[in-house]
Amino acid sequence: MEKVIELKDVWIRYGTQTILEAINFELKESSGLLGIIGPNGGGKTTFLKVLLGLLKPYRGSVKLFGKPPEKSRELVGYVPQYRGFDFDFPISVWEVVLTGRMSHTGFLKKYREEDKKAAEEALKTVEMFQYRDRQIGQLSGGQRQRVFIARALATNPKLLLLDEPNSGLDPHMQDELYRLLNRLKQEMAVIMVTHDLSAVSVYVDKIACLNRTLHYHNSREISVEDLEATYQCPVELIAHGIPHRVLSNHEEDP
Amino acid sequence: MFDFLQYNFIQNALAAAVLASIACGIIGVYVVVKKIVFISGGIAHASFGGVGLGYYLGINPMFGVLPFSLLSALVMGTVSKKSKIPEDSAIGILWSLGMALGIIFVYLTPGYAPDLMTYLFGNILTVPRFDLYFMLALDIVIVGAVYLLYKEFLALCFDEEFTTVQGFPTEKLYLFMLCIIALTIVVLIKVVGIILVIALLTIPASLSRKFTHNLKHMMLISIAFGTVISVTGIGLSYALDVPSGATIILVLSLVYGLTAFGMGMLENRRSSGV
């Protein structure tokens with residue numbers, strides 16, 4: 001089996017600042033949900049951009065499915081952080097999702113029947129097909145997030161990357177999102193970047209901590225040392241959302 | 001009352017209005033939704049250097065404007081994305097550089113620059129037949145490019161990063177889009193002039209946006225608005241004997257203002273539940 005992701009000694013710098021330092025990372029399983037947590041500015045989005053080939057490391061190598069990221073576009077789905085988007089943009093749900101087919105359709109070509117079929121299927125997976133003619137500004141935050149997931153799914157990815165998919169969603173919508181990811185991870189490798197520790201502890205299969213350096217032990221356990229190294233503060237301050245911690249609180253109760 | 005239609009120059013003016021409305025109706029939509037009004041204004045003003053160059057070389061200034069505006073589009077697009085200075089500063093510098101070059105060229109040209117003012121402020125009533133063919137050819141290029149690249153341009157305007165992730169050369173596409181904007185500016189110069197070009201690129205598209213959420217429909221509606229309003233402007237400027245370019249833009253602004261006001265009133269009434 002080919003490794004899904006293989007990063008060797010990857011360094012990223014902006015000017016004189018080192019954003020990612022000596023990242024070594026391997027993902028072998030072609031299914032399951034990996035959560036990457038870390039503080040804001042810790043390089044989480046940068047990490048995803050390296051995987052997408054949007055940022056070139058000045059040192060080290062990046063391989064997805066044994067190939068450089070530019071060569072594996074048709075295998076990767078991407079759900080960006082959607083703040084800063086212009087939701088007044090005159091585009092319908094259907095048109096948005098079709099753009100997820102472009103790597104298959106190719107340059108200067110019109111969308112084919114199979115592209116439309118894939119887009120339809122993706123919209124049905126996220127239960128948004130009936131909204132296909134809506135302009136994207138006329139959707140709720142949770143619906144819009146599902147449309148962006150459908151756009152990524154239209155690519156038919158084997159690796160799905162999500163950048164803070166839960167930000168701006170209310171608890172109910174977050175719950176729906178995680179149930180959807182739970183289904184999707186059966187068929188593809190899913191990586192979700194987040195700073196929501198409580199969500200991570202319930203839904204993810206594996207967890208990594210990222211703050212310039214990456215702590216990853218191929219498991220869903222995070223050690224206190226890793227957390228402290230990542231957040232550079234005592235775990236008490238950050239771990240309040242983790243169920244284990246909640247449990248132990250209850251035990252202390254008289 | 002339509003006897004003025006038999007004049008040749010009026011027929012030319014109407015044809016120019018239609019050709020200009022097609023170009024600005026389609027491309028203005030991209031300028032508005034991608035929010036690149038400022039860089040488009042920069043390309044338009046910088047292309048005055050091409051007018052000056054045309055005079056200096058003793059050729060039809062339109063042949064100076066065409067390469068010059070394409071060049072300014074490429075330079076502005078590249079510098080504003082790649083250099084360390086903020087994009088709007090880069091545009092501001094190149095904007096004035098192009099105009100300054102134009103002024104120097106005109107100054108160096110011996111004798112008097114006959115219709116310099118028509119390039120600055122436009123005069124649709126004096127568009128020669130040759131310029132009409134020139135505009136027609138550019139319109140064909142513009143419509144053809146948008147037909148071929150519709151999917152790419154839509155994706156580029158909506159989400160540049162995602163388009164890159166899909167494996168498309170977004171930087172080159174963006175530069176190409178700026179070049180198409182430059183061609184549109186060349187089409188529009190004779191109608192409203194370099195100074196007022198940006199109005200034709202923004203007002204019809206912004207108007208059409210109030211009526212639809214579909215990019216193609218926006219294009220068609222803004223072509224219709226552009227045509228009707230510029231023909232009205234030509235009629236008014238002929239009847240009142242005032243400059244045509246400025247009249248067209250006054251009518252455009254008036255229609256935009258009234259539409260925005262009217263729709264605001266309607267919305268208020270609807271939301272107050274009457």
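Q: What makes strand 5 and strand 6 of chain A count as paired strands?
A: In this predicted model, 4 bridges join strand 5 of chain A to strand 6 of chain A, and the two strands run parallel. Pairing calls for at least two bridges, so 4 bridges meet the mark. If you would like one bridge to look at, Tyr78(A) has Leu161(A) in strand 6 of chain A as its partner.

Q: Why is strand 5 of chain A called an edge strand?
A: The open sheet here has 6 strands in the order 5-6-7-3-8-9 (chain A), with mixed pairing. Strand 5 (76-79) and strand 9 (213-216) of chain A each pair on one side only, and they are the edge strands. On average, neighbouring strands of this sheet are turned by 20 degrees against each other, direction ignored.

Q: Which residues of strand 5 of chain A point one way, and which the other?
A: Val76(A) and Tyr78(A) point one way, while Gly77(A) and Val79(A) point the other way; all are buried.

Q: What makes the pairing of strand 3 and strand 7 of chain A secure by the bridge rule?
A: Strand 3 (residues 32-37) and strand 7 (residues 189-194) of chain A share 6 bridges in the parallel sense. The rule asks for at least two, so this pair qualifies. Gly32(A), for instance, has Ala189(A) in strand 7 of chain A as its bridge partner.

Q: Why do strand 2 and strand 4 of chain A each have a side without a neighbour in their sheet?
A: Their sheet is an open one of 3 strands, in the order 2-1-4 (chain A), with antiparallel pairing. Strand 2 (17-27) and strand 4 (59-64) of chain A stand at the edges with a single partner strand each, so one side of each has no neighbour in the sheet. Here the average turn between neighbouring strands is 25 degrees, direction ignored.

Q: How many bridges does strand 1 of chain A form with strand 2 of chain A, and how many with strand 4 of chain A?
A: Strand 1 of chain A pairs with strand 2 of chain A over 7 bridges, in the antiparallel sense. With strand 4 of chain A, strand 1 (residues 5-14) pairs over 5 bridges, again antiparallel. Glu6(A) lets you see both pairings: Glu26(A) in strand 2 of chain A stands opposite it, and so does Lys63(A) in strand 4 of chain A.

Q: Where does helix 1 of chain A lie with respect to the two sheets?
A: Helix 1 (residues 44-51) of chain A packs on the sheet of strands 1, 2 and 4 of chain A, touching each of them, and its direction makes about 120 degrees with that of strand 1. Helix 1 of chain A also lies across strand 3, strand 6 (159-163), strand 7 and strand 8 (206-211) of chain A, at about 150 degrees to strand 6.

Q: What is notable about the phi of Ala22(A), and why is this residue called partly exposed?
A: Ala22(A) has a positive phi of about 45 degrees although it is not a glycine. Most residues other than glycine have a negative phi. Ala22(A) sits in strand 2 of chain A and has 14 other C-beta atoms within 10 Å. A buried residue needs 20 or more and an exposed one 12 or fewer, so 14 falls in between.

Q: Why does Lys35(B) count as exposed?
A: Lys35(B) has 10 C-beta neighbours inside 10 Å; the cut-off for exposed is 12 or fewer, so the label fits. Lys35(B) is found in the loop between helix 1 and helix 2 of chain B, and its phi is positive too, near 55 degrees.

Q: How do you know that the length of helix 11 of chain B agrees with its number of residues?
A: Helix 11 (residues 197-209) of chain B has 13 residues, which at 1.5 Å a residue should span 18 Å; the end C-alpha atoms are 19 Å apart, in agreement.

Q: What makes helix 11 of chain B largely enclosed?
A: Of its 13 residues, 11 are buried, so the rest of the structure largely encloses this helix. Among the buried ones are Val197(B), Leu200(B) and Pro204(B). The buried residues of helix 11 pack against helix 1 (8-33), helix 2 (37-46), helix 10 (170-192), helix 12 (215-240) and helix 13 (244-271) of chain B.

Definitions and conventions:
Residues numbered from 1 in each chain as written. Chains lettered and ligands numbered in written order. Predicted model: local features only at pLDDT ≥ 70, side-chain atom pairs only at ≥ 80, totals over all residues. Axes fitted to C-alpha atoms, helices over the stretch in contact; angles between N-to-C directions. Contact = placed C-beta atoms within 7 Å. Expected span 1.5 Å × (residues − 1).
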